[in-house]
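These are my notebook entries on a single protein chain. I set down what I looked up, in the order in which I looked it up.

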Amino acid sequence: PCVEEEEKRLCACLRARERELVHGGAAMAKHTGSGFNGWLLRTSSSIPQRYVVVFLTFLCTCVCYIERVGFSVAYTAAAEKGGVDEGTKGFILSSFFYGYVLSQVPGGWAAQLLGGRRVLLLSFCLWSITCALTPTDAGSVAAIVIARLLVGVAQGFIFPSIHTVLAQWVPPHERSRCVSLTTSGMYFGAAVGMLLLPSVVLNRGPRAVFLVEAAMGGGWALIWLRYASDPPLSALPKALAAGFGVSNVYQKNRSLLPVTVDGEENGEGLLKDLGRKIKPVDVVDKSLDAGIPWSKIMLSLPVWAIVVSNFTFHYSLYVLMNWLPTYFSQGLRVTLKNLGFLKMLPYLNMFLFSNLGGVIADLLIVRKILSVTSTRKVLNTGGFTVAAMALMLMTGFRSATGAILCSSVCLGFCALSRAGFAVNHMDIAPRYAGIVMGVSNTAGTLAGIVGVGLTGKILETAKARSMDITDPHTWTTVFMAPAVLSLASAALFVAFATGERVFD
């Protein structure tokens, strides 16, 4: 009851901060005219600030995955034109993940220290510039690898930073659907990329794809700089009690004059500057001064349940994202352009199922149909089990329609599972959500390195044994590996996961 009361009080404070931002934005909107910027400012000024932040993080993941799919599509076309073998192709496609894995834990640390909002902005600026400078000559292997490594390092800071931002802004009872909406941007972006970018490559060439992606990244950075903000400093003490996260950047702002909520009994308080009436904020939980509990995090079984699930999810996702174009063109002899709208269905399905999972999870928890622990386990296990079955049936279909169906079911239910493991960071460690996300996403990135590279080796070995990779059954091992992983990780999550707070 005490925690619930603190959550209500914090939400009142956040609402007051949002009203403050709304009133300020409305005043500014009067001077912006009738252009696009004015429309955007007037629209954002009427929406609670936490929803603005959540929507911008949705756009963030959307743009990131347009970039990832775009490189796969553009480089596949360049590699086929340049006669690049499958082993080299697999190495280049996986080089992104070598950079990505290096910055996951540092990304969580940086977001904790500097604030996720700042780190996200810097990350987007770096990868957008690098993307624009990526060479398109398939023979320039070293230059392409270096470019992909840099893009990977820059994007590695993104998801730990997002989880730090969301842990600060989103109340626990909205956690599942807000995180699901944010992560569904990945799939929406992949769907848009698969639909539009093959035509861009065909008509304008790979260079046009890289320039479009860089422009989108720069555009998002400008919008984020203009419309994103941090929660009010006065909300911090109550946030900790209610299960919100926090970054150490607040510690550096203790000299700021505090604000509080006046009349918060009725939940309709307004922020008031107390000036010199009370001392600067000293009520911040003193445990923030302590170091990050690295040993407890690394030895925690609930954390490892998340880590394994994250590895499994990304193994399936990255193998399908990077090798489906090759499977269609060589295994099924169908070009992506000829698939039309069908080629975006797997990722569109992920977008729909991700948000559906978030809504279901919050509904089960808020209405007390299931506990938080049971909700996470049911969605995670159900999602991975159905995904495994779809992967096992993939090569049984010798048509593009059958492959699209299986990959859509697989990726859709993988996305559903994220309402289990992907939200669990903020359940067990709201204060260190970015750190735990960095650790688990390191495993997810290793899945990209292992899965994408291993798939190339599997196909090269098949060719060395005189097997025909234009036969769909030659790809059975490629899809069976993530199927087995899915079943194993589902069992592990049931055994060790929890929805209770583990790290205070």
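Entry 1, the whole chain. I began with the surface: the accessible area comes to about 19700 Å², and carbon and sulfur atoms hold 66% of that area. I note that this is a predicted model. I then took the burial total and found that buried residues make up 57% of the 504 residues. For the secondary structure I recorded 20 helices and two strands. Among contacts with a separation of 6 or more, I found that 84% join residues 24 or more positions apart.

Entry 2, helix α10. I looked up residues 206-227, which form a helix of 22 residues. From first C-alpha to last, α10 reaches 32 Å, close to the 32 Å expected at 1.5 Å a residue. I listed the buried residues of α10, among them F210, E213, G217, W220, A221 and W224. I set beside this list the general point that residues three or four places apart in an α-helix point the same way, because there are 3.6 residues a turn. Towards the end of the helix, I noted that the charged end of R226 sits over the ring of Y227, 5.0 Å from its centre. Y227 is itself on the buried list for α10.

Entry 3, R117. I placed R117 in helix α6, residues 116-132. Its relative accessibility is 23%, so I entered R117 as partly exposed, given that buried means under 20%. Which residues does R117 touch, leaving out those up to four places away in sequence? I found V165, W224, A228, S229 and D230. I also checked R117 against A228: their C-alpha atoms are separated by 7.3 Å, although the two residues are 111 apart along the chain.

Entry 4, aromatic rings. I counted 21 aromatic pairs in the structure. F71 and F210 form a stacked pair, with 5.9 Å centre to centre and 20 degrees between the planes. This pair links helix α3 (residues 49-82), which holds F71, to helix α10, which holds F210, across 139 residues. I entered F71 as buried because its relative accessible area is 3%, and F210 as buried because its relative accessible area is 3%. I then turned to Y327 and W475, an edge-to-face pair with 5.0 Å between centres and 65 degrees between planes. Y327 belongs to helix α13, whereas W475 is in the loop between α19 (433-464) and α20 (476-496), 148 residues away. Y327 is at 0% relative accessibility and therefore counts as buried; W475 is at 0% and therefore counts as buried. I also recorded one aromatic cluster formed by F55, F58, F188 and F351. The charged end of R418 sits over the ring of F313, 4.8 Å from its centre.

Entry 5, T395. I found T395 in the loop between α16 (372-393) and α17 (400-421). Is T395 buried or exposed? At 6% relative accessibility, T395 counts as buried. Its side chain makes a polar contact of 3.3 Å with the side chain of T476. The residues that T395 touches include Y327 and W475, the edge-to-face pair of Entry 4.

Entry 6, backbone angles. I looked up R333, whose phi is near 55 degrees, a positive value in a residue other than glycine. I recall that most residues other than glycine have a negative phi. R333 is in the loop between α13 (301-331) and α14 (336-339), and I entered R333 as exposed because its relative accessible area is 63%. K368 likewise has a positive phi, near 60 degrees. K368 is in the loop between α15 (345-366) and α16, and at 69% relative accessibility K368 counts as exposed.

Key: Residues numbered from 1 in each chain as written. Predicted model: local features only at pLDDT ≥ 70, side-chain atom pairs only at ≥ 80, totals over all residues. Heavy atoms only, no water. Helix = DSSP H or I, 4+ residues; strand = E, 2+ residues; numbered from the N terminus. Expected span 1.5 Å × (residues − 1). Buried < 20%, exposed > 50% of the residue type's maximum accessible area, 1.4 Å probe, protein only. Contact = heavy atoms within 4.5 Å. Areas by Shrake-Rupley, 256 points an atom, 1.4 Å probe, with all protein chains shown as cover. Polar contact = N/O pair within 3.5 Å; in protein donor to acceptor, adjacent residues only side chain to side chain. Phe/Tyr/Trp six-rings, centres within 6.5 Å; stacked < 30°, edge-to-face > 60°. Lys NZ or Arg CZ within 6 Å of the ring centre and 35° of its normal.
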